[in-house]
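Work through the exercises below with the sequence and the model side by side, and try each task before reading its solution.

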Amino acid sequence: MAPNYFALKKNVFNVWFVKVGWFWFTVAWAVWVVMGMGMVVGRNRAPLSQKGKIVELNDDEEEEEEKEGKDGMLVLTPQKLQSVLRWVVVTFWWMVVTQWCFGPALIDRGFRLTGGQCELMRSDTARQEMGDVREFVTGAACKIAGGKWKGGHDISGHVFILVLGSASLGLEVLGAMVNDRRAGAEEKQAKLGKWGWGIVVGVVGMSWWMLLMTAAYFHTWFEKFTGLSTAFVGITVVYILPRLLPGVRDILGVPGR
């Protein structure tokens, strides 16, 4: 018997949030780009000089800045394009690890390479019926066939997706919010940005709670560690390397800059 509701694999938060987690992360990111990031970009570009000092704006510049702030949600800026590109790269890493990597995903490949197999294939008869090609199945295919993964090393997909998604969202928002405070914000514009910020905080907060539940009730510690490490590979490439390598920074950019 499960110790509490969150220890059940069929609890509503696991089924409707974690299992389709990348959908919620993408929705939160899109809301942030439209409602939150649009306001930040609109405010921050003009008031700061290249050295980061506050400069005076003439009447025409103030009018243009005000209009840009109001229309910021609809303006496709270089900052937004780079945010889109960063999310595409992060999503590609999520897809390669959990969905498809020129065949089975990395999680499935790792499981099979470390000796894992579908429970239905443990008998010689099942192996003969499935054949050599169909034997290399994914976790989803095994479950559809009524089997279970047994043996092998099962990288925690829950830890991977929750860490990758929440860290990516958090870094996107944190960079922009720090820049926002440095430049200052008008009250009316800030309210729209807070809606985007609030939705992101809600999704990230739920991710951390479910990450805690995963740590408490599911997978071995080594499986959770490899899920965490795999997530940090993507985070490093998208959010850390651009700060160290100018060539990568020119392409992916840095949140808030």
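A nonpolar core is a set of buried Ala, Val, Leu, Ile, Met, Phe, Trp, Tyr and Cys residues joined through side-chain atoms within 4.5 Å, where buried means under 20% relative accessible area, exposed over 50% and partly exposed in between, with a 1.4 Å probe and protein chains only. The model is predicted, so that local features need pLDDT of at least 70 and side-chain atom pairs count only at pLDDT 80 or more, while totals for chains, interfaces and linings use all residues. Residues are numbered from 1 along each chain as its sequence is written, and side-chain values use heavy atoms, with hydrogens and water left out.

**Exercise 1.** Find which residues have the most contacts inside the largest nonpolar core, and which helix gives the most to this core.

*Solution.* Begin with the core itself, which has 33 residues and in which W22, F25, F160, I161, L164, L169 and V200 have the most contacts. Next, turn to the helices (DSSP runs of H or I, at least four residues, numbered from the N terminus): helix 8 (157–183) is among those that supply at least two residues each, and with nine residues helix 8 gives the most. Finally, take L169, which, leaving aside neighbours within four places in sequence, is in contact with F25, A28, W29, W87, V200, V203 and V204; contact means heavy atoms within 4.5 Å.

**Exercise 2.** Decide whether N14 is buried or exposed.

*Solution.* First locate N14 in helix 1, and then read its relative accessible area of 5%, which means that N14 is buried. Beyond four places in sequence, its contacts are K9, K19, H158 and M210.
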